[in-house]
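Here's a walk through one structure, going from a single residue out to strands, a pocket and the chain totals. Have the viewer open while you read.

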Amino acid sequence: MSRILSVASGKGGTGKTSVSVNLSLALGRMGRKVCLLDADLGLSNVDVLLGISPQLTLEHVLFEGVPMEKAIFPVAPGLDVVPGGSGVAKLADLSRDARMTLAGEFAKLSGYDFLVVDGSPGISSQVISLCLACPELLVVVNPDPASITDAYALLKVLSENGLRRSPYLVVNRVKSAEAAGEIFSRLRGAMAKYLKMDARYLGHIPQDAHMSAAAARQRPLVDLYPASAAGRALLTLAKNLNEAKLPHGTGQADPASFMAGAVIRMRESSPLGRRKEPPARALQSLDAAIKLAGFLDRASGADHAQAVAKLKSLLLKVRSCMETGGSSVRSAVSQPPPVQVAVISSDNSIGEILSESLGSSGLAVNPRGDGRADAAVVYWRGDQAGLSHRLAELGDVGYVYVRSVASKDVPTFSIAPTEIMDMPFKLEDLAVAVRRCAGKSGGSR
């Protein structure tokens, strides 16, 4: 399991990639094992700042069948890089088999302490998907008013799409610690007032001519000028990040689940992706990828080749299970925790949509509701008697009842719904209702 951190900015020119490169190198110097993933869609320049010329990139892994280990470029003790490529924008078009293969490749990155994802600036759907899929988010901002405004715009879009964890903020190219503190306070205040979100101050990087001098020589600042003001600040940032507690409600993750989650979100925002494959299939692919990655991680003590062979064997079993409608995907992979929350609709046509919506919001879903299940579970039946029976099987848990516009009735079940949602609704509103319902039921989510 790894700490997976997305480094983002609202606009280009903030020094986001420079922060990603130097922060990763500094973490490596502290004894952490770090992989820097260049996921910038248009200006993949991690290799330029490091002065390396890789032959294989992330795009080769995504679309040409190159094994991940061949694209990993060792840069320094404790730091490897997976160079970028513009192909990240095409992830939403991957077939189900290709996504499962991709999950297996990203599972090979599970041995790192940190996976640092340097994405594109701005608020494109690909950027939003990558940021939401990472358990930790770091936003780089400058004193420039446009940078502050664009950083807030990025956080607003992320909030509207379901972000609830507190991001780290780093103020780059600032004249003083006092000025950096003022910028952080202004941005944090706006987030609290309008987005109902908090932010965590990771630190600042002073304006320093050594930064541009290092870039001109295609060398990282902490490697070339570690004693400079900016170099010392970056080392402090790395120390602060290494010691920081994970945001509330998040934990370490595996790289396969990160990439699978990002792809599902990209597909959700892509009309082309939705036409290619029914929602339930997309959810099943995500579910399988996450659990299979966990299996590979647990097998890390064995010979790697044997672990991969075992992973492929299990993948075939899960795929067969999904296609034949047999036992639950989770029963083939692990024993899940007890049910905490149910989402119920008597409208069979929207059941699959509910499943995918919850899954892409980071909630584990059992679409059938048979036996034990994860924290969020969806049932849909055509009659109240069937729903009442399922509620009785659930026991003492709350549930969210989703009703269509045409039906404004409240179900007359023996247990009243904790939340009622009317169609249509926003994806993030459903996720919030589920988590709120879990809290009222004593759940952990």
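Leaving aside residues up to four places away in sequence, Asp113 touches Ser2, Arg3, Gly31, Arg32 and Lys33, where a contact means heavy atoms within 4.5 Å. One of these partners is a long way off along the chain: Asp113 and Arg3 are 110 residues apart in sequence, yet their C-alpha atoms are 6.1 Å apart in space. Asp113 is found in the loop between α5 (96-106) and β5 (114-119). Helices (H or I, at least four residues) and strands (E, at least two) are DSSP runs, numbered from the N terminus. Is Asp113 buried or exposed? Neither quite fits, because its relative accessible area is 26%, which makes Asp113 partly exposed. The scale here is buried for under 20% relative accessible area, exposed for over 50%, and partly exposed in between, with a 1.4 Å probe and protein chains only.

Before going further, a word on what you're looking at: this is a predicted model, with local features needing pLDDT of at least 70 and side-chain atom pairs counting only at pLDDT 80 or more, while totals for chains, interfaces and linings use all residues. Residues are numbered from 1 along each chain as its sequence is written, and side-chain values use heavy atoms, with hydrogens and water left out.

Now on to β5. Six of its six residues are buried. Phe114, Val116 and Asp118 point one way from the strand, Leu115, Val117 and Gly119 point the other way, and all are buried. β5 also has pairing partners, where two strands pair if DSSP finds at least two bridges between them. Strand β1 (residues 3-8) runs parallel to β5 and is joined to it by five bridges, with Ser6 having Val117 as its bridge partner in β5. Strand β2 (residues 34-39) runs parallel to β5 too, over six bridges, and there Leu36 is partnered by Val116.

For an antiparallel example, look at strand β3 (residues 73-76) and strand β4 (residues 79-82), which pair over three bridges. Pro74 stands opposite Asp80 in β4. The two strands form a hairpin with two residues between them, and Gly78 in the turn has a positive phi of about 90 degrees.

What about positive phi away from glycine? Most residues other than glycine have a negative phi. Here are two that go the other way:

| Residue | Phi | Place | Relative accessibility |
|---|---|---|---|
| Arg173 | about 55 degrees | strand β7 | 38%, partly exposed |
| Lys196 | about 55 degrees | loop between α8 (177-195) and β8 | 69%, exposed |

Arg173 turns up again in the second largest pocket. That pocket is lined by 29 residues, and Gly15, Lys16, Thr17, Ser18 and Arg173 lie nearest its centre. The elements giving two or more residues to the lining are α1 (16-29), β7 (168-174), β8 (200-206) and α9 (209-216). Which element gives the largest share of the lining? That's α1, with five residues. By type, the lining divides into 11 nonpolar, 12 polar and six charged residues. In this split, Ala, Val, Leu, Ile, Met, Phe, Trp, Tyr, Cys and Pro count as nonpolar, Asp, Glu, Lys and Arg as charged, and the others, Gly among them, as polar.

About 430 Å³ of space lies in this pocket. A pocket is an open set of points on a 1 Å grid over the protein atoms alone where a 1.4 Å probe fits, with protein on both sides within 12 Å along at least five of seven lines; lining residues have an atom within 4 Å of a point. The volume is the space filled by probe spheres set on the points, with grid points joined across faces, edges and corners.

Further along the chain, Met421 sits in strand β13 (residues 419-422). Met421 is buried, with a relative accessible area of 10%. Its contacts, not counting residues up to four places away in sequence, are Val400, Tyr401, Val402, Arg403, Asp429, Leu430 and Ala433. Met421 and Val402 are 19 residues apart in sequence and 4.8 Å apart in space, C-alpha to C-alpha.

Finally, the chain totals. The protein chain has 19 helices and 13 strands, and of its 445 residues, 54% count as buried. Among contacts with a separation of 6 or more, 74% are between residues 24 or more positions apart.
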